[in-house]
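Good morning, and thank you for coming. Please look at the sequence and the structure as they appear, and I shall then take you through the strands and the core.

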Amino acid sequence: DVLFALNNSSKENIESQNSASVKIFPNPVKDNLQLSSLSSTAKTTLVITDVSGKRKLTAEFTGSNYNLNISELKPGNYFLKIANGNNIVTRIFVKQ
């Protein structure tokens, strides 16, 4: 019998490699946040929360690139949770 084990450090490395491929720009951003390098076949769900954890914006789309209009957000720091297929990534961005 062959037994395989996945320790925490290996799992973190895999997650880091997956999350490194998702890009958001520009940062800081004024009105339109660009997302790229996503799986083009899986549905992507975006959730923006402020630093207190209050949900400010949600969106869903399919495709490898997306233009997210955030012009209604007040200036400040925000968290962007990106769920794409089996990957969940969180990014921080600054709204000017």
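Let me begin with one pair of residues: Leu 33 stands opposite Leu 68, which lies in strand S5. I should say at once that this is a predicted model. The pair belongs to S2 and S5, which run antiparallel and are joined over four bridges.

These two strands are part of an open sheet of three strands, ordered S1-S2-S5, with antiparallel pairing. Which strands stand at the edges? They are strand S1, residues 23-25, and strand S5, residues 66-69. Each has a single partner strand, so one side of each is left without a neighbour in the sheet. From one strand to the next, the twist averages 25 degrees.

I turn now to the other sheet. It is an open sheet of four strands in the order S4-S3-S6-S7, and its pairing is antiparallel. Here the edges are taken by strand S4, residues 55-62, and strand S7, residues 87-95. Because each of these has a single partner strand, one side of each is without a neighbour in the sheet. On average, neighbouring strands of this sheet are turned by 20 degrees against each other, direction ignored.

Within this sheet, consider strand S6, residues 76-84: S6 and S7 pair in the antiparallel sense over nine bridges. As an example, Asn 77 has Val 94 in S7 as its bridge partner.

Next, the interior. How many residues does the largest nonpolar core have? It has 18, and those with the most contacts inside it are Leu 35, Leu 46, Ile 48, Leu 68, Leu 80, Ile 82 and Phe 93. At least two residues of this core come from each of strand S2 (32-36), strand S3 (43-50), S4, S6 and S7. S6 gives the most, with three residues. In soluble globular proteins, nonpolar side chains tend to be buried together.

Leu 80 deserves a closer look. Leaving aside residues up to four places away in sequence, Leu 80 touches Leu 33, among others, and also Leu 35, Leu 46, Ile 48 and Phe 93. Its other contacts include Ile 24, Val 47, Val 89, Thr 90 and Arg 91.

Finally, a word on confidence. The chain averages a pLDDT of 84, and 79% of the residues score at least 70. Over residues 1-18, however, pLDDT stays under 50, and for this stretch the model has three contacts beyond four places in sequence. Thank you for your attention.

Terms used:
Residues numbered from 1 in each chain as written. Predicted model: local features only at pLDDT ≥ 70, side-chain atom pairs only at ≥ 80, totals over all residues. Heavy atoms only, no water. pLDDT = per-residue confidence, 0-100. Contact = heavy atoms within 4.5 Å. Pairing = 2+ DSSP bridges. Axes fitted to C-alpha atoms, helices over the stretch in contact; angles between N-to-C directions. Core = buried A, V, L, I, M, F, W, Y, C linked by side-chain atoms within 4.5 Å. Buried < 20%, exposed > 50% of the residue type's maximum accessible area, 1.4 Å probe, protein only.
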